[in-house]
Amino acid sequence: MTSPQPTGVLDLFVLQASDYIEHIDAVIGAAGTAGPDAEALARAARMLRGSATMTRVPGVGEIAAGIERVARALREAGLAWEPGLRGTLVAAVDDLKILVRAARTWGAAEDQRAQVRSSELARYAPHLARTNTPSAAGGGAAFLANEAAEIAFGLDQLLAHPGDAMLLSSVMGKVRGLRGVAATKDVPPLSDVVDALDRVGKPLELAPTLDPTPAQMTLFQAAAGLLRRAAIELRSAGRPDPTSPEVQAFMNAAASLDEESGDADRIVPIAQLFFADGGPTLVAAAQNPPTTPQQRFRLEGVSQAEHLLRLISEAMVTGDPAGRQRLSRELRVALRALEAAAQSFGERDVAAYVARGAESVASLEPSALAAMRQVAATLADPSSRPEQLARHITPAPAVPAAPAAPVPAAPPAPAAPPRPANGARSRTPSGRNLAALLDSGIASLGQQLSARPLSNPVPIVDEALVPIETLLYRGRAALDRMLAVRNDVRAANRPASPDEMSELLDLIELAAD
């Protein structure tokens, strides 16, 4: 054994493993000349292997894995059922019974017995090398189908024994193993199922006693049905149908579970726990609190905003129906949690903004996603200022239409200078007469300008300062400019210049603001 386990865990393992071994023994004993029920034999051996792996009894797990490989070889590889194989399986079952009883006092003798029996089983069904990335080897669909079928079988067993913590651990181990396979992301229903199962199974594993709620059991049942169908379609068509009834049933079960757990993280102000009669309380407000409710909300909201940002980013690029339904559901839950947190800390403007946009965001409307993304990015940045958040959540005031400018009346024509009497020629003034005439004309012109408006008045510059930030790209406008720069570079069929790269980096920062 790799490490000792608590006595209670080993006691539970002995009880479970004994049941699995009796089932294996019964299947082998009922085998006729055509051989045993290979599917039943593989299922029982798989459950024994999972239980031994979770309890860290590797010797038992190795023999169980050998029996499982034999069952698969009988079913898929045409392994002949003959007396020597039957004798090997019977001996393996006998040794399993001995090894399980010795689980509490495991030693070198048990290791040797397990190794000998595993070697005998390997002669009929040797170990097969498995690559780390099965999708790259061309056998990804078959691998995913086998894993999905095993998880579905484990969920069926869990539905039959809802209080079996060891069984839950075995199923969740398979779920997390499948979640870590890169090819799972290329099969939307599988990725959605393993994400939901991991999210539901984690708190159940940490609970002192395993007691799933009806909504959780419904999710397990829907997930098992979807995984069974996905396994069949992966083997036959190479890809499951994302619009099947099983997918819809799973989505409905997940939505019901999200509704059940929607208020789990709600923060209740302590002032709401007292009677509203003005009487004495056991808690008094600090005279000089270290942080304000607004500051505490900003600290608490960082993780929620980061989660919301991830969901929005994924929603902007996801196209498959199942993925969009999942994101719509998760966005509703995330927005509801953010709204509740804002209400708890007295941030009513933020709560009102989130409530107004929740339906549009959950409907995955592009404009609503972009607007909520700006708010989430501001909340996720602890260094952002309150006025930045206010600028995003405050509706822009309506700009009144400018009144039509009055059309100025045409200025009167200047009076003609008096003609000299008797047809005498006028003399050009000079000297003092010229200076006096100029002074008089300038004064008269000033009086005329002040008495009537100009026909083309010069606009007066407003002295109010305009912040330079308002002249920069923000949010969606920055993203649009980034796309325009990218398209220009692609159209020119050349690498981006240093100036273009610098602009793109600046636009990324502006888009995140």
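1. Let's start with the salt bridges. A search of the whole structure, which is a predicted model, turns up 23 of them. Side chains of opposite charge can pair when their charged atoms come close. Three of the pairs, plus one network, are worth a look on your screen, and the points below take them in turn.

2. Try Asp95 and Arg113 to begin with. Their side chains form a salt bridge with an N to O distance of 3.0 Å. This pair links distant parts of the chain, with Asp95 in helix 4 (residues 83–101) and Arg113 in helix 5, 18 residues apart. Are the partners buried or exposed? Asp95 has a relative accessible area of 7%, so this residue counts as buried. Arg113, at 35% relative accessibility, is partly exposed.

3. While you are at helix 5, have a look at Arg117 too, which sits within residues 108–124 of that helix. Its relative accessibility is 14%, and because the cut-off for buried is under 20%, Arg117 falls on the buried side. What does Arg117 touch, once neighbours within four places in sequence are set aside? The contacts are Ile63, Ala91, Ala92 and Asp95. Asp95 is thus a contact of Arg117 as well as the salt-bridge partner of Arg113. As a general reminder, an α-helix has 3.6 residues a turn, so residues three or four places apart point the same way.

4. Next comes Arg176 with Asp198, whose side chains meet in a salt bridge at 2.9 Å, N to O. Here the link runs from helix 7 (residues 165–179), home of Arg176, to helix 8 (residues 188–206), which holds Asp198, and the two residues are 22 apart in the chain. Asp198 is buried at 6% relative accessibility, while Arg176 is partly exposed, with a relative accessible area of 32%.

5. Helix 8 also takes part in a link to helix 12. Glu330 and Arg199 form a salt bridge in which the closest N and O atoms are 3.6 Å apart. Glu330 belongs to helix 12 (residues 321–344) and Arg199 to helix 8, so the bridge ties together parts that lie 131 residues apart in sequence. Glu330 is buried, with 10% relative accessible area, and Arg199 is partly exposed at 38%. Elsewhere, which residues are joined into one network by salt bridges that share partners? They are Arg46, Arg49, Glu68, Arg72, Glu147, Glu150 and Lys174.

6. One more residue of helix 8 deserves a mention: Lys202. Its relative accessibility of 45% makes Lys202 partly exposed. Lys202 and Leu168 are 34 residues apart in sequence, and their C-alpha atoms are 9.9 Å apart in space.

7. Stepping back to the fold, the secondary structure consists of 18 helices and zero strands. Of the 513 residues, 38% count as buried. Looking at contacts between residues at least 6 apart in sequence, 70% join residues at least 24 apart.

8. Helix 9 is a nice one to check by eye. This helix covers residues 214–236, 23 residues in all, and spans 33 Å from first C-alpha to last, close to the 33 Å expected at 1.5 Å a residue. After helix 9 comes Gly238, with a positive phi near 85 degrees.

9. Most residues other than glycine have a negative phi, and most peptide bonds are trans. Leu364 is not a glycine, yet its phi is positive, at about 65 degrees. Where is Leu364 placed? This residue lies in the loop between helix 13 (348–362) and helix 14. Leu364 is also buried, at 8% relative accessibility, so you may like to view this loop residue with its surroundings switched on.

10. Last, the internal space. The structure holds one cavity of 30 Å³ or more, and the largest cavity has a volume of about 40 Å³. Which elements give two or more residues to its lining? Helix 14 (366–380) and helix 17 (475–492) do. The lining is made up of Met316, Ala370, Arg373, Gln374, Gly475, Arg476, Leu479 and Ala511. By type, these residues divide into four nonpolar, two polar and two charged.

Definitions and conventions. Residues are numbered from 1 along each chain as its sequence is written. This is a predicted model: local features need pLDDT of at least 70, side-chain atom pairs count only at pLDDT 80 or more; totals for chains, interfaces and linings use all residues. Side-chain values use heavy atoms; hydrogens and water are left out. Helices (H or I, at least four residues) and strands (E, at least two) are DSSP runs, numbered from the N terminus. The expected span of a helix is 1.5 Å times one less than its number of residues. On a 1 Å grid over the protein atoms alone, a cavity is a set of points where a 1.4 Å probe fits but cannot get out, and a pocket is an open set with protein on both sides within 12 Å along at least five of seven lines; lining residues have an atom within 4 Å of a point. Grid points are joined across faces, edges and corners, and a volume is the space filled by probe spheres set on the points. Ala, Val, Leu, Ile, Met, Phe, Trp, Tyr, Cys and Pro count as nonpolar, Asp, Glu, Lys and Arg as charged, and the others, Gly among them, as polar. Buried means under 20% relative accessible area, exposed over 50%, partly exposed in between (1.4 Å probe, protein chains only). Contact means heavy atoms within 4.5 Å. A salt bridge is a side-chain nitrogen of Lys or Arg within 4 Å of a carboxyl oxygen of Asp or Glu.
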